[in-house]
Amino acid sequence: QANVTIRFYNNAGALAHTATGTIPGNGSRVFALQDIAQLASGPQGRYSVQVESSTALVGVCNIWSSAMHGEYSDYNAYTSGTTLAYAPSLLNNYYGFVSSLTVQNIDNVDAQIRVTYSNGQVETRTLAPRTSVEYYQPNNPNLPSGNANGIFSARVESTNNTSIVVLVNQEDKAKGLLASYNAPTQAAVTVNAPVVLKDFFGWFSAVTVQNVGSSPADITVTFATGHTSTATGVPPNGTHNFIQLANAGDPLPPGSSVSAEVTSTNGQPLVVTVNENSDQRYAATPGDYLLAYTAVPAQ
């Protein structure tokens, strides 16, 4: 049995509530914030959390809403922090999608946060211990927007070597689609994407690649079928979106559900995220079909 303590911190850095509980061996337990009367709701209802236990745990956070047709996403809890993370896929009115980037300081001292977007814009913040800050991309008028330019990337740093964790949420507010991904922290010349889709029972995917190196990257996506897609000259801190749709020039045959290997052919380190969606299923039965995951660096 695990004895669990959960500390909820509000945006001002104050400890808002401490919850405790037990979890049986090989078991699980859900702590739903809506059931905790001591926590505020509405605009004040966003918290950062620290979970402690007498034994090892794994955890996942689920986000859901009754808005539209029901929105739902989830992401993995973090067991350790970093001083550098990346956000390959940030969205600002990109085919109706927007995004937010949330940074949590998991250290015991103030964190000096710097977010450098791929268009050169920089945002900085001093973040109190255990608290988080949300950067909502449509609120920044200096970021690109629209179907042509509204997908971009960012580099997120703690400039005073404090430990942080980073999360990205993506949403189509008009359709009621929501997805989350853990910001990657490990870059590699080759990154593996376990599942990409093209017209697979109505599903398709988009493989978004960020060049985190110091020189332009030439990128090749090699699918398990042997088909390839390429992009050349992706600038440092820049991103390229490979969309598995026929009208985007994707080479996969319809009905594909395959893995992919993403490689920088000129040695620049990369990070990758993948989105999956189904316009066809939404048209037939409106609901939240948006998914996202962080691809895995090759060892």
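Colleague: In this predicted model, which residues of strand β16 does Val262 touch, given that β16 spans 217–223?
Modeller: Leaving aside residues up to four places away in sequence, Val262 touches Val189, Thr190, Val191, Val207, Val209, Leu270 and Val272, among others. Strand β16 covers residues 217–223. The contacts of Val262 that fall in that range are Ile219, Thr220 and Val221.

Colleague: Which strand gives the most to the largest nonpolar core?
Modeller: This core has 22 residues, and Val196, Val207, Val209, Ile219 and Val262 have the most contacts inside it. At least two core residues come from each of β14, β15, β16, β17, β19 and β20. With four residues, the strand that gives the most is β16.

Colleague: How many residues does the other core, apart from this one, have?
Modeller: Ala85, Ile164, Val168 and Tyr181 are among the residues of the other core. Its number of residues is 21.

Colleague: Is Gln170 buried or exposed?
Modeller: Gln170 belongs to strand β12, residues 164–172. Its relative accessible area is 1%, and the limit for burial is under 20%. Gln170 is therefore buried.

Colleague: With which side chains does the side chain of Gln170 make polar contacts?
Modeller: Residues touched by Gln170 include Leu91, Val98, Tyr181 and Leu290, as well as Ser89 and Asn275. A polar contact of 3.0 Å joins its side chain to that of Ser89. Another, of 2.8 Å, joins the side chain of Gln170 to that of Asn275. The partners are Ser89 and Asn275.

Colleague: Which residues make the nonpolar surface patch of about 210 Å²?
Modeller: One of them, Val49, lies in strand β3 and counts as partly exposed because its relative accessibility is 33%. The patch is made by Val49, Val51 and Leu57.

How values were computed: Residues numbered from 1 in each chain as written. Predicted model: local features only at pLDDT ≥ 70, side-chain atom pairs only at ≥ 80, totals over all residues. Heavy atoms only, no water. Core = buried A, V, L, I, M, F, W, Y, C linked by side-chain atoms within 4.5 Å. Buried < 20%, exposed > 50% of the residue type's maximum accessible area, 1.4 Å probe, protein only. Contact = heavy atoms within 4.5 Å. Patch = residues over 30% accessible without salt bridge, like charges linked within 9 Å, V, L, I, M, F, W, Y side chains within 5 Å. Areas by Shrake-Rupley, 256 points an atom, 1.4 Å probe, with all protein chains shown as cover. Salt bridge = Lys/Arg side-chain N within 4 Å of Asp/Glu carboxyl O. Polar contact = N/O pair within 3.5 Å; in protein donor to acceptor, adjacent residues only side chain to side chain.
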